[in-house]
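Here are my notes on the model, in the order I'd go through them on screen. Have a look at the structure first, then read on.

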Amino acid sequence: TFGYGEVVVYRRPRIALFATGDELIEPGLALGDGQIYNSNLHVFAELSDRAGAGITDREVLKDNRDSLTSFLKGTLSGSDLIVSSGGVSMGRHDYVRDVFLELGVEEHFWRVAQKPGGPFFFGTAGDTLIFGLPGNPVSSFICFMEYVWPACELMSGLEPTRKVTATLETPFPREPVKHRFLPGTVREDGGQLKASPSGKLGSHMFSSSIGANAILEAAPGKSPLEPGAPVEARLLPWCGLK
C-alpha cells in the first residue's frame with residue numbers, strides 16, 4: 001500500500017517464488033531414484049494469483065549458494081514479497097537462510113513453535129517481505145495461507161479472509177508445546193458451524209487437503225480436543241461452507 005495523506009492506494013503486489021532442491025523435477029516426468037515432484041511452486045503460483053499478487057519470478061534452484069545468491073540479487077529490489085520453499089531448516093544443504101542473511105536481509109524470526117511448519121523464516125529487506133517456508137507440501141500450504149496470504153490481502157486491498165469459531169465433531173490432536181494446524185472441513189448445521197479435521201496428519205501428505213474448506217487450529221495442550229469443544233478455523237476463500 002502507498003499512503004498519500006489520508007488516501008491509501010492499493011496495487012497488485014509483485015511476488016517472486018522459488019524452490020530449492022536437486023531432487024525436484026516437474027510433474028509429468030518420470031521419477032528417478034531420490035526424486036520428488038515440484039508441487040509447491042505450482043501451489044504457490046495458484047495461491048498468489050488468487051490472493052491478488054503478480055508473479056515476477058518463479059524458479060527451481062539447485063542446492064548451492066551461487067544459484068541462490070544470483071537469483072536473490074535479481075529479485076530483492078524488484079519484489080514486494082519473496083516466498084521460498086525448502087532450504088530453511090538445519091540440514092547441510094539448507095542454505096536459504098544463510099544466503100538471505102549474507103545479502104543483508106533483516107531476520108525477524110526463524111523457527112516457529114507450530115506443527116506443521118516449524119522451520120519457517122521471516123525477514124525484510126527494505127520494503128520487501130521475505131518468507132522462507134518449509135519444503136513439505138502441507139507445511140508450505142499452511143504457512144502460505146497463515147502468513148503470506150494475509151500480507152497479499154493487505155497489499156492488494158482484498159477483504160480479509162474470515163476466521164470463525166466452530167464446534168468439533170471429531171477429535172483434534174494437539175501438541176504439548178506447539179500450536180497445531182490441520183486442514184479440515186467446516187459446515188453449517190442448524191445455524192451452527194461444525195468442524196472436522198483431516199484424518200491424515202503427515203506434513204508430506206498433501207492429499208489431506210482434498211475436500212478441505214478450512215485450516216483448523218488449536219493452542220498447545222496435553223490431550224486432544226474432544227468433540228463439542230470450540231476450534232478456530234480460517235475459511236479458505238475459494239471454498240464455500242459444506
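What follows is a set of numbered points on the salt bridges, helix 1, the largest pocket, the cysteines and some backbone details.

1. Ground rules. This is a predicted model, with local features needing pLDDT of at least 70, side-chain atom pairs counting only at pLDDT 80 or more, and totals for chains, interfaces and linings using all residues. Residues are numbered from 1 along each chain as its sequence is written, and side-chain values use heavy atoms, with hydrogens and water left out.

2. Salt bridges. A search of the whole structure turns up 14 of them, a salt bridge being a side-chain nitrogen of Lys or Arg within 4 Å of a carboxyl oxygen of Asp or Glu. Start with glutamate 146, which pairs with lysine 163 at 3.6 Å, N to O. Glutamate 146 sits in helix 4 (residues 137–156) and lysine 163 in strand 12 (residues 163–168), so this pair ties together parts 17 residues apart in sequence. Helices (H or I, at least four residues) and strands (E, at least two) are DSSP runs, numbered from the N terminus.

3. The second partner of glutamate 146. Glutamate 146 also forms a salt bridge with arginine 234, with the closest N and O atoms 3.0 Å apart. Here helix 4 is linked to strand 16, so the pair ties together parts that are 88 residues apart in sequence. Both glutamate 146 and arginine 234 are buried, whereas lysine 163 is partly exposed at 36% relative accessible area. Buried means under 20% relative accessible area, exposed over 50%, and partly exposed in between (1.4 Å probe, protein chains only).

4. One more pair, then the network. Lysine 194 bridges to aspartate 189, the closest N and O atoms being 3.4 Å apart. Lysine 194 counts as buried at 17% relative accessibility, and aspartate 189 as partly exposed at 33%. Which residues are joined into one network by salt bridges that share partners? They are Glu146, Lys163, Glu217, Glu232 and Arg234.

5. Helix 1. Asn40, Leu41, Phe44, Ala45, Leu47 and Ser48 are buried in helix 1. The general geometry is familiar: an α-helix has 3.6 residues a turn, so residues three or four places apart point the same way. The buried residues of helix 1 pack against strand 3, strand 6 (54–61), strand 7 (81–85), strand 11 (128–133) and helix 4.

6. Serine 48 in close-up. Serine 48 belongs to helix 1 (residues 40–50) and has 0% relative accessibility. Setting aside neighbours within four places in sequence, serine 48 is in contact (heavy atoms within 4.5 Å) with Ile15, Leu17, Ala53, Ile55 and Phe144. After helix 1 comes glycine 52, with a positive phi near 90 degrees.

7. Leucine 236. You'll find leucine 236 in the segment after strand 16 (230–235), buried at 3% relative accessible area. Beyond its neighbours within four places in sequence, leucine 236 is in contact with Phe141, Met145, Ala212, Asn213, Ala214 and Ile215.

8. The largest pocket. About 310 Å³ of space lies in it. A pocket here, on a 1 Å grid over the protein atoms alone, is an open set of points where a 1.4 Å probe fits, with protein on both sides within 12 Å along at least five of seven lines; lining residues have an atom within 4 Å of a point. The volume is the space filled by probe spheres set on the points, which are joined across faces, edges and corners. There are 21 lining residues, with Glu23, Leu24, Ile36, Gly135 and Asn136 nearest the centre of the pocket. Strand 3 (14–20) and strand 5 (36–37) each supply at least two residues of the lining.

9. Cysteines. How many disulfides does the structure hold? Zero, taking a disulfide as a pair of cysteine sulfur atoms within 2.5 Å. For cysteine 143, the nearest cysteine sulfur is that of cysteine 152, 14 Å away. The sulfur of cysteine 239 is 18 Å from the closest one, also in cysteine 152, too far for a bond.

10. Backbone details. Most residues other than glycine have a negative phi, and most peptide bonds are trans. Arginine 111 is not a glycine, yet has a positive phi of about 75 degrees; arginine 111 is in the loop between strand 8 (106–110) and strand 9. A cis peptide bond joins lysine 115 and proline 116, with omega about -5 degrees.
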